[in-house]
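Biologist: I would like to learn how to read this model feature by feature. Where should we begin?

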Amino acid sequence: MSTHTEVSEISSENPNTCLANIESTQTSPLEKNAVQLNALQRLCYPILLISALLTIGSAFYFDLNFGLCNVVFLLWAIAYLAICERLIPYEKEWHPTLAEWGRDGLYLVITMSGGALSVAAIYAIASVISPMHSVIPLWLEIPLALLLTSLGSYVFHRAGHEFTWLWRLHGIHHTVSKINVSNNALNHVLDVFGRRFLAQLPMLILGISQPALFIVSIFNTAQGYFAHANVDVRLGKLNYLVGGPEQHRLHHSLDIREAGHYSVDVPIWDLLFKSYFWKNGRTPNAVGIKNVTSFPPANAIFSNFLHPFVKKRNYFSTKNSS
Ligand SMILES: [Zn+2]
């Protein structure tokens, strides 16, 4: 009865007023879109972590080759984050062009060989000195491996900013004036080799098992590409627990006062060694290096690889120019 009464009451109103009331309670397509984008901003990182867990789970369940799983996950992380960059960009002008995808793809192939060399060296040593099943339980090995990898990576990265010759290796990565998932691959092959080798060597000495090495390497791949992605994701206080794009784009800042912060996995070593830098909502005005002529252009791949071994010529290296 009451329903009928309400209907009759509504129908007795001015039809235009009624339509206006209905429209005011409906969500507009723009608002709907904003809600969806907001959801993606919140889900972008969890989805990446879940896919990392699925990769790890599948590798163990189906007894898959760890190296192959690493490569497949790397390609997935790049593709997934590239899509997220289009849907929730932090800076639209930072989207890579097709030519840049091509250039960075070449860098990726070359630096992957450096990474593969380092992994091959690590696994070759591991097969001799590292047991398949460590005496340390896996639940303890994983955080231990994570901390040690993070420390090795932190030391090598920081040294890359502190020592002139190492800056000639690492500075290549800082020459670009936009940060995105594509140019995360823009590195000197020896920079990748050195960082990975130093990151994993202590674990071999301690006898960390291959499964633990694999789990941590998947996490590090996810973190490395996520931190470099041009996505508008805000982690809030989680920025004290894990690395992310808010911290890492500040590392690329032209303003040296905010360009510390060397970790992309977990920021514990930055916090301990006082190089942590993140402030809620703080964004860099510009990224890159001040003296761009100190390095060959990013497109000159061969010159960039020779750069650390060539005497100063027309360009010169600087200490921590980023
Ligand atoms: Zn750096």
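Modeller: Begin at the surface, and keep in mind that this is a predicted model. A nonpolar patch is formed by L147, I268, L272 and F273. Together they offer about 340 Å² of accessible area.

Biologist: Where does F273 lie?

Modeller: F273 is in the loop between α11 (268–272) and α12 (301–306).

Biologist: Is F273 buried, partly exposed or exposed?

Modeller: Buried means under 20% relative accessible area, and exposed means over 50%. F273 has 42%, so it counts as partly exposed. F273 also takes part in a ring cluster, where ring pairs link it with Y154, Y262 and W269.

Biologist: Step back to the fold. How many helices and strands are there in the protein chain?

Modeller: Count the elements, then read their order. The protein chain has 12 helices and zero strands. Along the sequence, the pattern is α-α-α-α-α-α-α-α-α-α-α-α. Of its 322 residues, 49% are buried.

Biologist: Now the metal. Which residues coordinate the zinc ion?

Modeller: List the donor atoms, then look at their spacing. The zinc ion is coordinated through NE2 of H157, H161, H170, H174 and H251, at 2.1 to 2.2 Å. Along the chain, these donors follow H-x3-H-x8-H-x3-H-x76-H.

Biologist: Which parts does the pair H157 and H174 tie together?

Modeller: H157 belongs to helix α6 (residues 138–162), while H174 is in the loop between α7 (164–170) and α8 (189–206), so the pair ties together parts 17 residues apart in sequence. Both H157 and H174 are buried.

Biologist: Next, the aromatic rings. How many aromatic pairs does a search of the whole structure find?

Modeller: It finds 16. For each pair, check the centre distance and the angle between planes. Take F193 and F197: the ring centres are 5.8 Å apart and the planes are at 10°, so this pair is stacked. Planes under 30 degrees apart count that way.

Biologist: How far apart are F193 and F197 in helix α8?

Modeller: They are four residues apart, so about one helical turn separates them. F193 is partly exposed, because its relative accessible area is 28%. F197 is partly exposed too, at 23%.

Biologist: What about Y240 and W278: is that pair stacked or edge-to-face?

Modeller: Their ring centres are 5.6 Å apart, with planes at 85°, so the pair is edge-to-face. The pair links distant parts of the chain, 38 residues apart. Y240 sits in the loop between α9 (210–228) and α10 (245–251), and W278 in the loop between α11 and α12.

Biologist: Is W278 buried or exposed?

Modeller: W278 is buried, because its relative accessible area is 9%. Its partner Y240 has 41%, so Y240 counts as partly exposed.

Biologist: Rings can also meet charges. Where does the charged end of R249 sit?

Modeller: Look for the ring beneath the charge. The charged end of R249 sits over the ring of Y90, 3.6 Å from the ring centre.

Biologist: One last loop residue. Where does N299 lie?

Modeller: N299 lies in the loop between α11 and α12. At 60% relative accessibility, N299 counts as exposed.

Biologist: What separates the C-alpha atoms of N299 and Y107?

Modeller: Compare distance in space with distance along the chain. The two C-alpha atoms are separated by 9.8 Å, and the residues are 192 apart along the chain.

How values were computed: Residues numbered from 1 in each chain as written. Predicted model: local features only at pLDDT ≥ 70, side-chain atom pairs only at ≥ 80, totals over all residues. Heavy atoms only, no water. Patch = residues over 30% accessible without salt bridge, like charges linked within 9 Å, V, L, I, M, F, W, Y side chains within 5 Å. Areas by Shrake-Rupley, 256 points an atom, 1.4 Å probe, with all protein chains shown as cover. Salt bridge = Lys/Arg side-chain N within 4 Å of Asp/Glu carboxyl O. Helix = DSSP H or I, 4+ residues; strand = E, 2+ residues; numbered from the N terminus. Buried < 20%, exposed > 50% of the residue type's maximum accessible area, 1.4 Å probe, protein only. Donors = N, O, S within 2.8 Å, 3.2 Å for Na, K, Ca; no water. Phe/Tyr/Trp six-rings, centres within 6.5 Å; stacked < 30°, edge-to-face > 60°. Lys NZ or Arg CZ within 6 Å of the ring centre and 35° of its normal.
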